[in-house]
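Student: I have a new structure open and would like to learn how to read it. Can we go through it together?

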Amino acid sequence: MKKVQLGLFVVFVSLIVMGIMRGEATMVLEKAVRICLECIGIG
């Protein structure tokens, strides 16, 4: 069971790192800010 957990952890971390390297975290943050500003009526 520990090997499965470790394997899944490695997969998840590698996918997160790949997403950060592709700039997806920036896109998600920009969209979140835009939605938030629209909700409070500034954007």
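Tutor: Let's go feature by feature, keeping in mind that this is a predicted model.

Student: How many helices and strands does the secondary structure come to?

Tutor: Start with the overall tally: two helices and zero strands. For the outline, look along the principal axes, where the C-alpha atoms fill a box of roughly 50 × 20 × 5 Å.

Student: What share of the residues is buried?

Tutor: Just 2% of the 43 residues in the protein are buried. The accessible surface comes to about 4100 Å², and carbon and sulfur atoms hold 75% of that.

Student: What span should helix 2 have, and how far apart are its end C-alpha atoms?

Tutor: Here you count residues and multiply the rise, 1.5 Å a residue, by one less than that count. Helix 2 runs over residues 24-39, which is 16 residues, so it should span 22 Å; the end C-alpha atoms are 23 Å apart, and that agrees. After helix 2 comes Gly 41, with a positive phi near 90°.

Student: Which side chains meet in a salt bridge?

Tutor: Look for a Lys or Arg side-chain nitrogen within 4 Å of an Asp or Glu carboxyl oxygen. The structure holds one such bridge: Arg 22 and Glu 24 meet at 3.1 Å, N to O.

Student: Why does Arg 22 count as exposed?

Tutor: Compare its relative accessibility with the cut-off: exposed means over 50%. Arg 22 has 65%, so it counts as exposed. Its partner Glu 24 has 31%, so Glu 24 counts as partly exposed.

Conventions
Residues numbered from 1 in each chain as written. Predicted model: local features only at pLDDT ≥ 70, side-chain atom pairs only at ≥ 80, totals over all residues. Heavy atoms only, no water. Helix = DSSP H or I, 4+ residues; strand = E, 2+ residues; numbered from the N terminus. Buried < 20%, exposed > 50% of the residue type's maximum accessible area, 1.4 Å probe, protein only. Areas by Shrake-Rupley, 256 points an atom, 1.4 Å probe, with all protein chains shown as cover.
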